[in-house]
Amino acid sequence: MNNKIFIIGLPRTGTTSVCHAFLEFGIPTAHTAYTNNCFDNAHAIADTPIFNDYKALDKYYPDAKFIYLERELNVWLPSIKQLLLRMHTNLTRTDGGFNIHLKHCYLNIFSNLTIDNINDDSYLTHCYNTHINDAKNYFKHQEQRFLSINIAKPQSYKMLCDFLAIKSNKTDFEKMNMGGKVTAWNDIKHPLKVESTAKGRIDKLLRYKV
């Protein structure tokens with residue numbers, strides 16, 4: 001499979017579980033991508049900067065497929081709230097913190113990010129609904145290139161396999177990063193796992209933005 005696959009669901013929607021499934025499919029996969037080398041070598045990529053930059057990626061990779069991950073709001077809200085509270089300082093500080101691509105993505109999707117907003121379910125719900133509605137509207141006439149699934153639902157694994165024309169003996173995703181954990185991807189050892197950075201270094205300019 002040579003065409004790119006971009007997983008464009010927001011954080012805390014099951015991106016790690018889906019990336020793990022891609023590795024089991026035999027597809028080189030990255031969970032976050034901050035170098036052009038990563039984009040060259042990974043066939044499937046999730047998380048930052050994908051969930052924010054999918055429209056630019058669609059234009060740069062016109063044959064790519066896009067997979068949106070949905071999650072029930074009553075489950076997503078406490079999970080994303082916990083994540084954003086942990087990330088807030090490094091997202092908003094002006095003297096360092098996270099890398100420029102990660103900051104750009106989060107601060108665009110979660111605009112006007114403050115502690116008060118993070119603790120406001122209506123703010124987070126608006127961010128979620130805006131993102132999913134924009135994605136579905138953007139791909140509304142491209143059903144052959146776009147799939148939306150909720151990995152908590154039993155039919156989602158088969159839907160993914162059918163969408164990609166992949167045969168698998170499994171019937172469900174392995175659920176990862178449960179209970180607030182966000183480091184499961186780091187613990188996975190697999191020869192097809194593609195590193196997101198070059199020994200910790202990022203490319204200041206990702207070519208699809210040129």
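Colleague: Let's start with a pocket. Which residues line the second largest pocket?

Modeller: Keep in mind that this is a predicted model. The lining of the second largest pocket consists of Asn52, Tyr54, Lys55, Asn108, Ile109, Ser111, Tyr123, His126, Cys127, Thr130, His131 and Asp134. The space in that pocket comes to about 200 Å³.

Colleague: Which helices supply at least two residues of the lining?

Modeller: Helix 3 (50–60), helix 5 (100–109) and helix 7 (121–138) each do. Helix 7 has the largest share, with 6 residues.

Colleague: And how does the lining break down by class?

Modeller: Sorted by class, there are 4 nonpolar, 6 polar and 2 charged residues around the second largest pocket.

Colleague: On to the sheet. How do I read it?

Modeller: The general idea goes like this: backbone hydrogen bonds pair the strands of a sheet, and the pairing is either parallel or antiparallel. Here you have an open sheet of 5 strands, paired in parallel, and the order to trace is 2-3-1-4-5. Strand 2 (29–31) and strand 5 (146–149) are the edge strands, each pairing on one side only. On average, neighbouring strands of this sheet are turned by 15° against each other, if you ignore direction.

Colleague: What packs on the sheet and touches strand 4 and strand 5?

Modeller: That's helix 7, whose direction makes about 150° with that of strand 4. You've met helix 7 already, as the helix with the largest share of the pocket lining. Helix 8 (residues 156–164) also lies across strands, namely strand 1, strand 4 and strand 5, and runs at about 170° to strand 5.

Colleague: Strand 4 keeps coming up. How many bridges pair it with strand 1?

Modeller: Strand 1 (residues 5–7) and strand 4 (residues 65–69) are joined in the parallel sense over 3 bridges. To find the register, look for Ile5 opposite Lys65 and Ile7 opposite Ile67. Strand 4 also runs parallel to strand 5, and 4 bridges join those two. There you'll find Phe66 opposite Phe146 of strand 5.

Colleague: Why is strand 4 described as largely enclosed?

Modeller: Because 4 of its 5 residues are buried, the rest of the structure largely encloses strand 4. As for where side chains point, in a regular strand they alternate between the two faces of the sheet.

Colleague: Can the same reasoning be used on a helix? Take helix 1: how many of its residues are buried?

Modeller: In helix 1 (residues 15–25), 10 of the 11 residues are buried, so the rest of the structure largely encloses this helix. Among the buried ones are Val18, Cys19, His20, Phe22 and Phe25. The buried residues of helix 1 pack against strand 1, strand 2, strand 3 (44–46), strand 4, helix 8 and helix 9 (184–187). After helix 1 comes Gly26, with a positive phi near 90°.

Colleague: Which residue other than glycine has a positive phi near 70°?

Modeller: Arg12, and its phi is a positive value. Look for Arg12 in the loop between strand 1 and helix 1. At 12% relative accessibility, Arg12 is buried, since the cut-off for that is under 20%. Lys199 is another residue that isn't a glycine but has a positive phi, about 55°.

Colleague: Is Lys199 buried or exposed?

Modeller: Exposed, with a relative accessible area of 87%. Lys199 sits in the segment after helix 9.

Colleague: Back to loops. Where is Thr35 found?

Modeller: In the loop between strand 2 and helix 2 (36–41). Thr35 is buried, as its relative accessible area is 4%. To see what surrounds Thr35, leave aside its neighbours within four places in sequence: the contacts are then Ser196, Thr197, Ala198, Arg201, Ile202, Asp203 and Leu206.

Colleague: One last backbone feature: which peptide bond is cis, with omega near 0°?

Modeller: The one from Thr48 to Pro49. Pro49 is in the loop between strand 3 and helix 3. Helix 3 takes us back to the start, as one of the helices that each supply at least two residues of the pocket lining.

Terms used
Residues are numbered from 1 along each chain as its sequence is written. This is a predicted model: local features need pLDDT of at least 70, side-chain atom pairs count only at pLDDT 80 or more; totals for chains, interfaces and linings use all residues. Side-chain values use heavy atoms; hydrogens and water are left out. On a 1 Å grid over the protein atoms alone, a cavity is a set of points where a 1.4 Å probe fits but cannot get out, and a pocket is an open set with protein on both sides within 12 Å along at least five of seven lines; lining residues have an atom within 4 Å of a point. Grid points are joined across faces, edges and corners, and a volume is the space filled by probe spheres set on the points. Ala, Val, Leu, Ile, Met, Phe, Trp, Tyr, Cys and Pro count as nonpolar, Asp, Glu, Lys and Arg as charged, and the others, Gly among them, as polar. Two strands pair if DSSP finds at least two bridges between them. Axes are lines fitted to C-alpha atoms, for helices over the stretch in contact, and angles run from 0 to 180 degrees between N-to-C directions. Contact means heavy atoms within 4.5 Å. Buried means under 20% relative accessible area, exposed over 50%, partly exposed in between (1.4 Å probe, protein chains only).
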